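Open your viewer and keep the selection tool ready. We will go from stop to stop, and at each one you will be told what to pick and what is there.

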Number of protein chains: 2
Amino acid sequence: MKKTNITIKDIARKLGVSPSTVSRALKDHPDISPQTKKEIQELASSLNYQPNSVALSLRQSKTHTIGVIIPEIAHFFFSAVISGIEDIAHSAGYHVIITQSNESFEREVMNTKALFNSRVDGIMLSISRETNNYQHLQNLLDNNVPLVFFDRMVESLNACKVIVNDEQGAYEATTHLIEQGYYRIAHLAGPQNLGISKNRLNGYKAALADNKYMMDDNLVKVCGLGTYEEAEAITNELLDYRFPPDAIFSNNDVAAYGAMTAIKKRGLRIPEDVAIVGFSNWRFSSLIQPALSSVTQPGFKMGQEATRLLMKQIALGDDEEAITETISLKTNLVVRESSLKKKKPAVS
Amino acid sequence: MKKTNITIKDIARKLGVSPSTVSRALKDHPDISPQTKKEIQELASSLNYQPNSVALSLRQSKTHTIGVIIPEIAHFFFSAVISGIEDIAHSAGYHVIITQSNESFEREVMNTKALFNSRVDGIMLSISRETNNYQHLQNLLDNNVPLVFFDRMVESLNACKVIVNDEQGAYEATTHLIEQGYYRIAHLAGPQNLGISKNRLNGYKAALADNKYMMDDNLVKVCGLGTYEEAEAITNELLDYRFPPDAIFSNNDVAAYGAMTAIKKRGLRIPEDVAIVGFSNWRFSSLIQPALSSVTQPGFKMGQEATRLLMKQIALGDDEEAITETISLKTNLVVRESSLKKKKPAVS
DNA sequence: AACGTCTTCGCAATCGTTTGCGTAAATTGA
DNA sequence: TCAATTTACGCAAACGATTGCGAAGACGTT
C-alpha cells in the first residue's frame, strides 16, 4: 500500500480535461459548463479528493496557521486560554501551533524564530518570566507579522494586547481583606519585570490608599520564582516581625499556598489569625483546606478575544495601518474560607 | 513597510547567478566554486535569508510537522505528555500541532481530518472518552499515515502504542491498601470502553485474588463521568451499605477527591475509617488534606517515547513494513496520608 | 594540436494549485 | 450569410526550492 494522495492532475487525466478546468469546476467557477462541472465534482468526491493545503499555502502565501507561545501549558489558566484560542481559530479555519517557553527566554526566542520560519500567519504570545529583551519580538513587528500579546505583554511594543485588569483584581482582593477587618495586610509580589506583577502591586497600594491605610514597605515582599517553597520561606520572614501581618494578598495561588503552609506550621489559624487571598484561581484552590480565596482570570475569554484581534489583523491588507488595540478583561474575586472572618464559610 | 521575505531568486538576481547555483551554494554542494559559494553565503546571511519551509514541504512532500490529538490540555498528565512530545519533536526539527477533542467523539473526528488534510507527517493521539467507532483512525492507517497511540489506545488497531502499565499500577495500589490492613476495599472504576479503565479494574481484581481476598461485585462501581460530584454520590451509596468499605481505590484523582468529600461529610476519618488511593497524581493531590495517595503516570516520558516511535515510523520507507511496537511504562505509587494507617504520615 | 576530463554553472522539470489571458467552437444578431 | 458575442476550455506562468542533466570553458595528456 503506497501513500498516494490524489491530486487535481489525477482527476484531470481521468476525465481528459486540463487541471485548470478541474480547479475551476471544484470551486464552481461560471466558466465551466454544468455538465463538466458535475462530472468533475462527482469524481472528486468519489475519489475523496482533498486539496493539498501545502500547495495552497505556497500559492497564496498563507498557511492558515497561527502560532502560540505560552510559558507553561500545565498552568490551568493558560490551558483555558488555549481552549479559547482554539475555539475561535478553528471556526475560522485556522490551525494552531502551540509552543511552550517553559519560562525560559532562550526557548521563547527559539520558538519565535521557528514559528516565523514556518510562515505562520500570525503569532500570539505571553512572554516568559525571564524575558527582558524584546528584540525577537521587534523583529516580528518589523517583518509585519501580526502579533497579539495576551496576559503578559510588553508595554513598549506597538502590538495588540489582551490583558486582564490585574490592578482592579488586586484592588478588589485587598479591599475585601480590609472589609473583613484585617488591618495589617502584606503582599507577596511577583517579579517586577512582569507588567502584571506591577499592576497587582499597584492595585494593592491603591486599595490601601483609598481606605486610608498606611503603606508599609516591609509588608511587600517580592517572590521572584513564585514557587511554593520560596513563598513559605518569605512568609516566615513576615511572621517573624514583631508586628506580623494578619492578612496576605499573594500574587499567585501557589505562593499563597506556600504562605498557608508557613502559617499552619506555626499553629496559627486561617483565616482567624491570618487571612489569605491568592490570584489566578488555580484548580486546586477550591480543594485545599481551608479553601483559598482567589482572583479569577477569564482565561477562555482571553483566548477568544486575542484570537479575534489576531484574525482582524491578518485580514488587513498590506497597505493598511496595523491596529494596536488593547482589550482589558475584568477579573472576579472568588471568596472562600481563607479570607472569611466575618461570615460563615461559603460552600466552595 | 511591506512583508517581503527574501528568496533564493532574490539572491540569485543580486549576484547575477541562477537560483540553482544559490541553492547548491547554500548547502555546500561540491559543484560550486569556493569563491561563488562564499559570496552567496555571505549575502544570504547578511540578508538573513530563511528558506521558505512551505515550498520545501511541497517539494519534499514532508511538512516536518506532527499532529497531536489530546482529550484535554488542562489535565496535568496530558500537559506533561505534551512537554515530552515537544522535547523530542523539537530536537528532531519537527513542529507540533496540538488539538483538543474535549472528550468529544465528533471533535476527535474533525481534528483527525483537519490534521490529515494539512498533511502532517504523523499523528499521535489519545482517544476521547466518547470514542467507540474507529473508522476515522482506520482511514489514517489505510492512507499510511504514521500513527501512535498514547495512554488511551485502541486495542484492535494495528498501530504503535505507548501505554502505562495501568494494571500494575492498580495492582500495587490495591496491594498497598491490603498491606495497610484494610479488608473491604472498593473500587471506583472508569468507563469500561476505555482500555485503561478495564486494566485498572483488572489490576485491582488481581491484587485481591493474589491475597486471597474475596471479590465482591458490590464494591466495584463505575463512575462513567469521572467527576467530583458523581464520585461523591456513588461513594455515598457505598457508605450506605450495612458493611461499607474501609478503603477505596479510585480510577482517578478527581473521583477520589469526591469520595473523600463524601467520607468527611459523614464525620468519618481518613485514613483511620476509610482509606483512599487515587490514580494519576494530579497536582492538587499533594495539596489537599489529607494528602492523597496516588499512582503516578510518567507523562513526560510517555510523550517522549511516543514521539520516538513516531519518528521511527516516519523515517521508514514506503515499501518497508510499518512497525507496531507497544511500549508499556511503569507506574509508581506515591503513598501519602490518605492511605497510611500504620506508619506516620510521610512528608509530601 | 587534438582529444579527454574536470570544474563550474545554467536549464528546465517538479511538487499541487491557481489564474490571467488566449482561443476555438457555438451561438446570436441583423 | 457574415460578423460579433458568448461559452467553455486550455496554456503557461507563478508560488520557492531542489536536482538530473547538459554544456561551456579551463586544463592536462599524448
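Select A:K37: does this residue count as buried or exposed? A:K37 counts as buried, because its relative accessibility is 14%; buried means under 20% relative accessible area, exposed over 50%, and partly exposed in between, using a 1.4 Å probe and protein chains only.

Before moving on, some housekeeping. This is a predicted model, where local features need pLDDT of at least 70, side-chain atom pairs count only at pLDDT 80 or more, and totals for chains, interfaces and linings use all residues. Residues are numbered from 1 along each chain as its sequence is written, chains are lettered from A and ligands numbered from 1 in the order in which they are written, and side-chain values use heavy atoms, leaving out hydrogens and water.

**Stop 1: salt bridges**

Keep A:K37 on screen and add A:D28. The two form a salt bridge, with their closest N and O atoms 3.5 Å apart. The term stands for a side-chain nitrogen of Lys or Arg within 4 Å of a carboxyl oxygen of Asp or Glu. Over all chains, the structure holds 26 of them.

Next, pick B:D166 and B:R200, whose side chains meet in a salt bridge at 2.9 Å, N to O. This pair links distant parts of the chain: B:D166 sits in helix 8 (residues 166-179) of chain B and B:R200 in helix 9 (residues 195-210) of chain B, 34 residues apart. Helices here are DSSP runs of H or I with at least four residues, strands are runs of E with at least two, and both are numbered from the N terminus. B:D166 counts as buried because its relative accessibility is 2%, and B:R200 is buried too, at 3%.

Now try B:E305 and B:R308, another salt bridge (3.2 Å, N to O). They are three residues apart in helix 12 (residues 299-315) of chain B, so about one helical turn separates them. B:E305 is buried at 16%, whereas B:R308, at 40%, counts as partly exposed.

Finish this stop with A:E103, A:R129 and A:R152, which are linked in a network of salt bridges.

**Stop 2: where the chains meet**

Show chains A and B together. In contact (heavy atoms within 4.5 Å) are 48 residues of chain B and 48 residues of chain A. How many salt bridges does the rule find across this interface? It finds zero.

To see one residue that reaches the other chain, select A:T99 in strand 2 (residues 95-100) of chain A. A:T99 counts as buried, at 4% relative accessibility. Leaving aside residues up to four places away in sequence, A:T99 touches A:V68, A:I69, A:I70, A:N111, A:L115 and B:E86.

**Stop 3: the DNA**

Select DNA strand C and the residues near it, meaning those with a heavy atom within 4 Å. There are 25 residues around the strand, and A:I8, A:Y49, A:R59, B:T21 and B:T36 come nearest. Sugar and phosphate make up 60% of the atoms of DNA strand C that come within 4 Å of the protein.

Zoom in on three distances. A polar side-chain atom of A:K9 lies 3.4 Å from a phosphate oxygen of the strand. For A:N52, a backbone N or O atom lies 3.1 Å from a phosphate oxygen. At B:R24, the partner is a base oxygen, 2.6 Å from a polar side-chain atom.

Terms used: A polar contact is a pair of N or O atoms within 3.5 Å; within protein, one must be able to donate a hydrogen and the other to accept it, and residues adjacent in sequence count only if both atoms are side-chain atoms.
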